[in-house]
Amino acid sequence: MPPDPPRGLHLLPRKPPKRGYFERHCSCSTGGYSVLRHNELRDFTAAVLQEVCHDVFTEPVLTPLTGEQLASSSNTAAEARLDIHARGFWGNRFTRSMFDVRVFHPNAPSSQKTSLSSQYLKHERSKRRQYEERVREVEGA
């Protein structure tokens, strides 16, 4: 009796992938490897923060809103999360800090005409619009 084929063998493509296949899967924001890259960067950053901060953990659920009026661009979801929570990042061991990681592809066709510094600023502003007011007003961090 022949041995069983390796698991997942039926998932492999039967013909060579088209040009750009791997590039797309590495940079696709709705799947592919961007989630894995994000989680790896989040976990690495949290591990480094544990060396210098207190009370470090990942994906803390933000306090639910109880009638607070936030800007329309703010994240008001009940299960909203940031990536990392740490105490003592700014020197005072009781001050809470929250961080959110974003992975982006600076060489994507849609970004080729934009400088790297402009891309970083665009993503930073986007995250600030989404979370800053809620973190300051509701979380007190």
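## Elements and model

Helices (H or I, at least four residues) and strands (E, at least two) are DSSP runs, numbered from the N terminus. This is a predicted model, in which local features need pLDDT of at least 70 and side-chain atom pairs count only at pLDDT 80 or more, while totals for chains, interfaces and linings use all residues. Residues are numbered from 1 along each chain as its sequence is written, and side-chain values use heavy atoms, with hydrogens and water left out.

## The sheet

An open sheet of 3 strands has the order 1-2-3 with antiparallel pairing, where two strands pair if DSSP finds at least two bridges between them. Its edge strands, each pairing on one side only, are strand 1 (54–58) and strand 3 (96–99). Strand 2 (residues 84–87) is joined to strand 3 in the antiparallel sense over 4 bridges, and R87 stands opposite R96 in strand 3.

Helix 2 (residues 34–52) lies across strand 1, strand 2 and strand 3, in contact (heavy atoms within 4.5 Å). Helix 2 runs at about 175° to strand 1, with axes fitted to C-alpha atoms, for helices over the stretch in contact, and angles from 0 to 180 degrees between N-to-C directions.

## Lining of the largest pocket

A pocket is an open set of points on a 1 Å grid over the protein atoms alone, where a 1.4 Å probe fits, with protein on both sides within 12 Å along at least five of seven lines; lining residues have an atom within 4 Å of a point. Helix 2, strand 3 and helix 3 (116–139) each supply at least two residues of the lining of the largest pocket, and helix 3 gives the most, with 9 residues.
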